[in-house]
Amino acid sequence: GSHASASTVPSRRTTAGAEWRTFDGVRVAGDGAAASVSGGHVPQPTVLADVLEVVDAETFRLLGRSNDLINVAGKRSSIGHLDFHLNSIEGVVDGAFWMPPESDGDAAGVVRLVAFVVAPGVARERIVAALRDRVDAAFLPRRIVHVDSLPREATGKLTRARLGEFAARQLSVSRR
């Protein structure tokens, strides 16, 4: 296929944090969903099926899969990228963005994101202000819902299906 996976490109020492280093001779370029890789064992520049934050030609952070991509007001990001920034805010213990179904959009058909956060004592305004410094304004959540915990599996994984069911319950409760 025309898409490579970032897992064929790097190695990572988990103790070294979220940054990955490419194998010898392999270079990453671009950013976000338009990241590509070339050199080394990759014969021609190849667009990745992953969303990267490229630090330099040999270092990147893996932010999510491109099937995680969302489009708001003509701008692209990934839920993984947004979650990464949400969880990097001081005081946010856990957090997840949720994209409502298209049918929940406003009159112009614009669907606005919702962020669920486990952030005791952190005001909504502080979370929005911190996100404003980190992500494009198009992706600022319309609602931030404080919750006690997210419906993670034992492995720590948060599936879209479980988050969707959780969101429906949380939002029907909070609308009353």
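Here a biologist and a modeller talk through a predicted model, one question at a time.

Biologist: Nice to have this one on screen! How many helices and strands are there in the protein?

Modeller: Let's begin with the overall picture. Of the 176 residues of the protein, 41% count as buried. Among contacts between residues at least 6 apart in sequence, 51% join residues at least 24 apart. As for the elements, the protein has three helices and twelve strands.

Biologist: Since the model is predicted, which element has the highest mean pLDDT?

Modeller: Good thing to check early. The protein averages a pLDDT of 80, and 76% of the residues score at least 70. Among the elements, the lowest mean, 57, belongs to strand 1 (residues 10–11), while the highest, 96, belongs to strand 11.

Biologist: Let's turn to the sheet around strand 11. Which strands are at its edges?

Modeller: Three strands form this open sheet, in the order 10-11-12 and with mixed pairing. An edge strand pairs on one side only, and that picks out strand 10 and strand 12 (143–146).

Biologist: And how much does the twist average from one strand to the next?

Modeller: The sheet in question is the open one with the order 10-11-12. From one strand to the next, its twist averages 20°.

Biologist: In which sense do strand 10 and strand 11 pair, parallel or antiparallel?

Modeller: In general, strands of a sheet pair through backbone hydrogen bonds, and either sense is possible. Here five bridges link strand 10 to strand 11 (residues 114–118). One of the pairs is Trp-98 with its partner Val-114 in strand 11. The sense of the pairing is antiparallel.

Biologist: Which strands does helix 2 touch where it packs on the sheet?

Modeller: Two helices are worth a look here. Helix 1 (residues 79–87) packs on the sheet against strand 10 and strand 11, with its direction at about 145° to that of strand 10. Helix 2 (residues 124–134) also packs on the sheet, and its direction makes about 130° with that of strand 12. The strands that helix 2 touches are strand 10, strand 11 and strand 12.

Biologist: Why do the buried residues of helix 2 line one face?

Modeller: Those buried residues are Ile-127, Val-128, Ala-130 and Leu-131. Looking down the axis of helix 2, they line one face because they fall within an arc of 165°. The face turned away from them carries the exposed residues Glu-125, Arg-132 and Asp-133. The cover over the buried side includes helix 1, strand 10, strand 11 and strand 12.

Biologist: How many of the nine residues of helix 1 are buried?

Modeller: The buried residues are Ile-79, Gly-80, His-81, Leu-82, Asp-83, His-85 and Leu-86. Helix 1 is therefore largely enclosed by the rest of the structure, with the count of buried residues at seven.

Biologist: His-85 caught my eye. Is His-85 buried or exposed?

Modeller: His-85 sits in helix 1. Beyond its neighbours up to four places away in sequence, His-85 touches Glu-53, Leu-131, Arg-134 and Val-135. The cut-off for buried is under 20% relative accessible area. At 11% relative accessibility, His-85 is therefore buried.

Biologist: Now Asp-94, please. With which side chain does the side chain of Asp-94 make a polar contact?

Modeller: Asp-94 belongs to strand 10 (residues 94–98), and its relative accessible area of 14% makes it buried. Leaving out residues up to four places away in sequence, Asp-94 touches Asn-87, Phe-116, Val-117, Val-118, Leu-150 and Arg-152. The C-alpha atoms of Asp-94 and Val-117 lie 5.9 Å apart, although 23 residues separate the two along the chain. The polar contact, at 2.8 Å, is with the side chain of Arg-152.

Biologist: One last stop, the hairpin of strand 8 and strand 9. Which residue takes a positive phi there?

Modeller: Strand 8 (residues 69–72) and strand 9 (residues 75–78) run antiparallel and are joined by four bridges. Ile-70 stands opposite Ser-77, and Val-72 opposite Lys-75. Two residues lie between the strands, and the one with a positive phi, near 50°, is Ala-73.

Biologist: And which side chains of strand 8 point to one face and are buried?

Modeller: The side chains alternate along strand 8. Leu-69 and Asn-71 point to the other face and are not buried, which leaves Ile-70 and Val-72.

Definitions and conventions:
Residues are numbered from 1 along each chain as its sequence is written. Side-chain values use heavy atoms; hydrogens and water are left out. Buried means under 20% relative accessible area, exposed over 50%, partly exposed in between (1.4 Å probe, protein chains only). Contact means heavy atoms within 4.5 Å. A polar contact is a pair of N or O atoms within 3.5 Å; within protein, one must be able to donate a hydrogen and the other to accept it, and residues adjacent in sequence count only if both atoms are side-chain atoms. Two strands pair if DSSP finds at least two bridges between them. Axes are lines fitted to C-alpha atoms, for helices over the stretch in contact, and angles run from 0 to 180 degrees between N-to-C directions. pLDDT is the predictor's confidence in each residue, from 0 to 100. The arc is that of the directions from the helix axis to the C-beta atoms.
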